[in-house]
2 protein chains.
Amino acid sequence: MKLKIKNLNWLAGRPVAILNDKTAKKMNVFANDRVAITNSKKVYAIVDIFPKVIRKNQIGLSKELSDVLELKDRSYVKVSTSELSDATFLIKKKMQGKQLTKEELYYLISEIVHNNLTEAEIAYFTAAEKLNGMSVKEMINLTKAMVKTGAKLKFGGKYTADKHCIGGIAGNRTTPIVVAICAAAGLVIPKTSSRAITSASGTADVIETISKVELSIEDLKSTVQKTGACLAWGGSLGLAPSDDKIIRVERLLNLDIEPQLIASIISKKVAAGSKYILIDIPYGKGAKISTLEKAKKLGIKFQEVSRSFKLKIKVVCTKGSEPIGNGFGPTLEMLDILLVLQNSPNLPDDLKEKSLFLSAELLKLCNIKNARKKAEDILASGKAYEKFKEIINAQNGKKDFNKRINSLQLARHKKIIRAKRNGKITEISNEGINSLCRVLGTPETVSSGTYLHKHVGKIKKGESILTLYTESRTKMKEALKFLKEFKPIKIR
Amino acid sequence: MKLKIKNLNWLAGRPVAILNDKTAKKMNVFANDRVAITNSKKVYAIVDIFPKVIRKNQIGLSKELSDVLELKDRSYVKVSTSELSDATFLIKKKMQGKQLTKEELYYLISEIVHNNLTEAEIAYFTAAEKLNGMSVKEMINLTKAMVKTGAKLKFGGKYTADKHCIGGIAGNRTTPIVVAICAAAGLVIPKTSSRAITSASGTADVIETISKVELSIEDLKSTVQKTGACLAWGGSLGLAPSDDKIIRVERLLNLDIEPQLIASIISKKVAAGSKYILIDIPYGKGAKISTLEKAKKLGIKFQEVSRSFKLKIKVVCTKGSEPIGNGFGPTLEMLDILLVLQNSPNLPDDLKEKSLFLSAELLKLCNIKNARKKAEDILASGKAYEKFKEIINAQNGKKDFNKRINSLQLARHKKIIRAKRNGKITEISNEGINSLCRVLGTPETVSSGTYLHKHVGKIKKGESILTLYTESRTKMKEALKFLKEFKPIKIR
């Protein structure tokens with residue numbers, strides 16, 4: 001059936017074709033059915049029925065569809081009913097426990113990139129990955145497909161390096177410090193990070209408190225060329241774009257799907273042009289990986305997959321049973337980072353130590369001698385801080401770093417929680433601290449969050465345990481209720 | 001955040017909340033994220049961003065949401081970000097291979113009924129069902145939950161009975177004949193059927209060529225009370241409504257998920273008030289179930305689950321390696337049914353025989369003696385035809401059966417395909433015949449389809465193999481191309 005196009009500036013989160021109820025009846029399609037739109041290419045879309053906006057014999061396109069089809073209003077396209085994308089057969093094959101070939105994985109991933117699969121289909125694919133597993137060969141081909149279907153960067157320096165933590169630990173904002181130290185030591189680090197998914201904030205949220213993070217590929221390149229590094233948000237760059245679409249679906253259930261985790265990390269690094277990669281796998285109670293043994297096993301898989309891409313990779317398994325740093329929430333974490341970079345007397349020791357450890361490991365991987373000493377010197381001498389300023393200024397295109405950090409502000413309402421008696425903090429839950437911050441308003445309200453005065457260890461009656469920051473009285477009440485009910489900090 | 005409601009008469013196929021881009025930015029939600037809308041109840045919705053339709057601080061509701069929330073335009077609701085439905089934890093639990101309890105399955109299914117889960121989440125649930133399996137206890141509790149969350153019928157007769165085929169065979173339109181025979185023998189059969197999913201037509205599509213099929217619960221009851229039976233479409237009745245939503249997701253990949261298949265069939269029968277149930281499981285090459293052994297295994301599971309509902313159930317495993325009947329497509333299948341009911345000399349023998357077999361089995365199950373003879377007599381005497389007329393007239397609320405069947409028409413364009421040489425038809429593919437009909441325009445174009453002159457067996461040069469019917473020249477060309485390429489009928 002030929003229908004007349006109406007481009008709607010409408011973000012539906014998936015490719016949606018809007019039909020009039022009469023047209024839908026004529027075509028025998030229902031809301032949520034799939035149609036194929038054929039022009040020079042064939043694109044699949046999900047049907048919505050919305051007579052108010054769309055007349056008979058018209059087809060309204062959501063922005064996702066308009067962007068792919070690039071057709072003018074009032075031009076005609078052929079629209080036919082309920083055909084399946086061939087990729088659905090591949091998903092079914094994986095559901096049946098069979099292996100997918102290189103070509104099949106490439107086709108499947110490119111269909112995801114072109115929005116030709118629904119979230120439900122992506123859910124079936126990832127469920128099959130999780131429950132039926134993937135061979136190393138499949139993981140390699142999956143990673144290749146994810147790289148090939150997106151943009152790719154290349155940098156000239158001798159050592160293009162990156163670090164990546166698989167996540168799960170509250171705070172743990174080492175990235176900006178490691179990037180600053182290693183770039184000051186001469187490495188090239190085109191670092192891209194994500195926003196918060198379930199945590200109090202992501203690296204991109206933290207950097208955004210003082211900097212632009214949504215860079216174009218050109219801005220990113222020029223920042224790296226000028227300063228040796230960048231601290232950008234990965235979401236807008238089109239590096240391994242299938243990953244973003246798959247993560248959207250996985251996060252519905254907060255699933256950790258191992259083949260996807262590995263492919264996701266390696267593909268982003270390869271696409272960004274990095275060759276020397278440090279992977280941090282925290283383990284322990286309350287971390288994503290519960291034991292050292294499991295962390296090591298995962299590490300071996302990272303090694304096996306990365307071999308195909310000629311990466312030099314080092315995996316470190318670190319203790320992850322409690323939060324790292326004192327501040328949790330975008331602004332509070334930025335303040336922690338600044339304290340470490342400024343060698344301030346009240347800096348969070350654990351964050352400094354972990355940042356130095358990771359920096360030294362990454363420098364070692366890039367054949368730099370006396371790596372630990374070098375990292376310490378760069379941090380202590382203020383060179384890391386200088387490099388950080390340079391990166392932020394380059395990324396913003398303005399030399400206003402000092403102005404930006406001086407205008408950092410914490411939320412209006414604050415409340416200090418003190419120990420009611422002498423005792424010992426036995427446990428601080430990563431998930432509990434993240435949820436507490438979410439209740440207080442992070443990551444949306446960048447000034448909100450939690451400051452942890454004490455880590456695991458002894459505490460005296462009357463001493464501060466933590467301070468809560470929020471812009472809303474209601475949220476403060478909810479946070480106090482949350483503390484009482486869920487006890488993210490256990491004191492004995 | 002409080003937002004002002006705007007009800008949009010818009011079928012999105014899922015609960016969608018439309019936001020202005022500014023509101024979305026303020027709330028830090030993106031297209032396809034989830035929000036919770038809290039009023040007297042809490043409902044989850046997927047975010048679309050559509051500034052053209054929705055102003056700042058407004059929230060547009062898709063019809064699915066308006067129907068659940070029942071709030072007036074311009075009233076305010078609280079909208080908050082990205083919370084997970086508790087049901088997602090249950091899906092995760094099933095993904096981890098654990099069993100779900102009765103209460104958990106009830107909660108999960110009721111969340112599906114209330115549109116609080118996305119299709120991707122339903123996909124994860126069904127993937128976990130397929131890959132991790134379900135115990136008999138889980139299947140029973142799943143079925144109970146599916147019944148409990150919908151409407152329920154009850155009829156007074158001594159024997160309220162039903163028959164169900166798990167599908168997969170082209171044609172095979174025994175239902176209307178079995179219903180007519182058994183109702184004429186005194187059984188009560190509140191029969192509900194589906195429309196075509198992947199086949200040339202569903203029973204509801206076939207009945208619709210001469211009758212209304214979208215009945216209200218009241219119309220259905222009165223038809224059954226008057227005539228002892230009905231032949232309604234199951235989709236609009238609200239019997240086990242979760243099933244329709246789950247099937248929508250499964251059919252994306254044409255998955256057969258055993259626990260869901262069993263729960264789906266049993267729950268619909270229990271909800272319709274049937275106690276005596278005949279299940280037909282066709283097996284063989286090209287059927288859903290490949291061997292008799294597998295068919296029997298599935299039959300045992302049906303028995304185990306139905307025991308909990310005090311159903312008297314009989315499972316028959318029938319040969320399903322080739323299509324049954326001569327006509328394929330809504331009108332052509334109706335003509336087949338009429339030939340059998342009218343005892344016409346050129347009736348399709350296989351359809352008559354299978355209908356008699358199933359009728360006799362169902363009568364036997366209801367303790368009727370000499371069941372086979374009784375079924376034959378009812379058919380031969382014209383009583384079954386009279387009963388069929390009665391049911392259709394009652395369902396239409398008009399005594400115009402003859403007028404309706406006289407106005408049945410086949411498509412304008414027809415083409416006979418003849419044998420090019422003497423030989424033997426060795427195979428007729430169920431899937432091939434269904435796809436051929438789809439190419440010709442079924443089920444949308446009820447007059448289109450295929451007439452099969454010969455079944456498996458000898459054929460002479462020049463004899464007709466099949467006739468193609470369509471309303472469109474283009475479709476005829478495509479059908480001829482399809483025949484050539486896919487050879488649904490193998491001749492040796």
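## A starting point in chain A

Glu258(A) has its place in helix α11 of chain A, a helix that covers residues 258-271. The model in which this residue sits is a predicted one. Is Glu258(A) buried, exposed or partly exposed? Because 15 other C-beta atoms lie within 10 Å of its own, and because a residue needs 20 or more to be buried and 12 or fewer to be exposed, Glu258(A) counts as partly exposed. Although Glu258(A) and Met139(A) are 119 residues apart in sequence, their C-alpha atoms are 9.6 Å apart in space.

## Chain A as a whole

Chain A contains 19 helices and 18 strands. Its radius of gyration is 25 Å, which is close to the 23 Å that the globule rule gives for 492 residues, so chain A is as compact as a globular protein of that length. Along the principal axes, the C-alpha trace of chain A spans about 75 × 55 × 50 Å.

Of the 492 residues in chain A, 56% count as buried. When the contacts in chain A with a separation of 6 or more are considered, 78% of them are accounted for by residues 24 or more positions apart.

## Strands β3, β4 and β6 of chain A

Strand β3 of chain A, residues 34-38, pairs with strand β4, residues 42-49, in the antiparallel sense, and 5 bridges are found between them. The connection from β3(A) to β4(A) is a hairpin of 3 residues, and within this pairing Arg34(A) stands opposite Ile46(A) in β4(A).

Strand β3(A) is also joined by 4 bridges to strand β6 of chain A, residues 76-81, and these two strands run antiparallel. Here Thr38(A) has Lys78(A) as its bridge partner in β6(A).

## A residue in a loop

Val53(A) lies in the loop of chain A between β4 and β5, the latter covering residues 58-61. It has 18 C-beta neighbours inside 10 Å, and therefore Val53(A) counts as partly exposed. Which residues does Val53(A) contact, leaving aside its neighbours within four places in sequence? They are Ile18(A), Gly60(A) and Val53(B), the last of which belongs to chain B. In contrast to these contacts, the C-alpha atoms of Val53(A) and Ile217(A), which are 164 residues apart along the chain, are separated by 36 Å.

## An open sheet and the helices on it

Chain A also has an open sheet of 4 strands, arranged in the order β12-β15-β17-β13 with antiparallel pairing. Why is one side of β12 (327-328) and of β13 (413-418) left without a neighbour in the sheet? These two strands of chain A stand at the edges and have a single partner strand each, so one side of each has no neighbour there. The pairing between β13(A) and strand β17 of chain A, residues 464-470, is antiparallel and extends over 6 bridges, and in β17(A) the bridge partner of Lys414(A) is Tyr469(A).

Helix α18 of chain A, residues 430-440, packs on this sheet and touches β12, β15 (449-452) and β17 of chain A, while its direction makes about 135° with that of β15(A). Helix α19 of chain A, residues 473-486, lies across β13 and β17 of chain A and runs at about 145° to β17(A).

## Two helices that cross

In chain A, the axes of helix α3 (residues 87-95) and helix α5 (residues 119-132) come within 8 Å and cross at roughly 25°. Since angles under 35 degrees count as roughly parallel, that crossing makes α3(A) roughly parallel to α5(A). The crossing of α3(A) and α5(A) is left-handed. On the side of α3(A) the contact is made by Thr88(A), Ile91(A), Lys94(A) and Met95(A), and on the side of α5(A) by Glu121(A), Tyr124(A), Phe125(A), Ala128(A) and Asn132(A).

## Chain B and its meeting with chain A

In chain B, 6 strands close into a barrel in the order β1-β5-β2-β4-β3-β6, with mixed pairing. Neighbouring strands of this sheet are turned by 45° against each other on average, direction ignored. Within chain B, strand β3 (residues 34-38) and strand β4 (residues 42-49) pair in the antiparallel sense over 5 bridges, and Val35(B) stands opposite Ala45(B) in β4(B).

Where the chains meet, 38 residues of chain B are in contact with 38 residues of chain A. On the side of chain B that touches chain A, at least two residues are supplied by each of β4, α3 (87-95), α5 (119-132) and α10 (241-250) of chain B. Helix α5(B) gives the most to that side, with 11 residues.

Note on methods. Residues are numbered from 1 along each chain as its sequence is written. Chains are lettered from A and ligands numbered from 1 in the order in which they are written. This is a predicted model: local features need pLDDT of at least 70, side-chain atom pairs count only at pLDDT 80 or more; totals for chains, interfaces and linings use all residues. The radius of gyration is taken over C-alpha atoms; the globule rule is 2.2 Å times the number of residues to the power 0.38. Two residues are in contact if their C-beta atoms, placed from the backbone, lie within 7 Å. Two strands pair if DSSP finds at least two bridges between them. Axes are lines fitted to C-alpha atoms, for helices over the stretch in contact, and angles run from 0 to 180 degrees between N-to-C directions. Angles under 35 degrees count as roughly parallel, over 145 as roughly antiparallel, 65 to 115 as roughly perpendicular and the rest as oblique. A crossing is left-handed if the near helix is turned anticlockwise from the far one by less than a right angle, and right-handed if clockwise.
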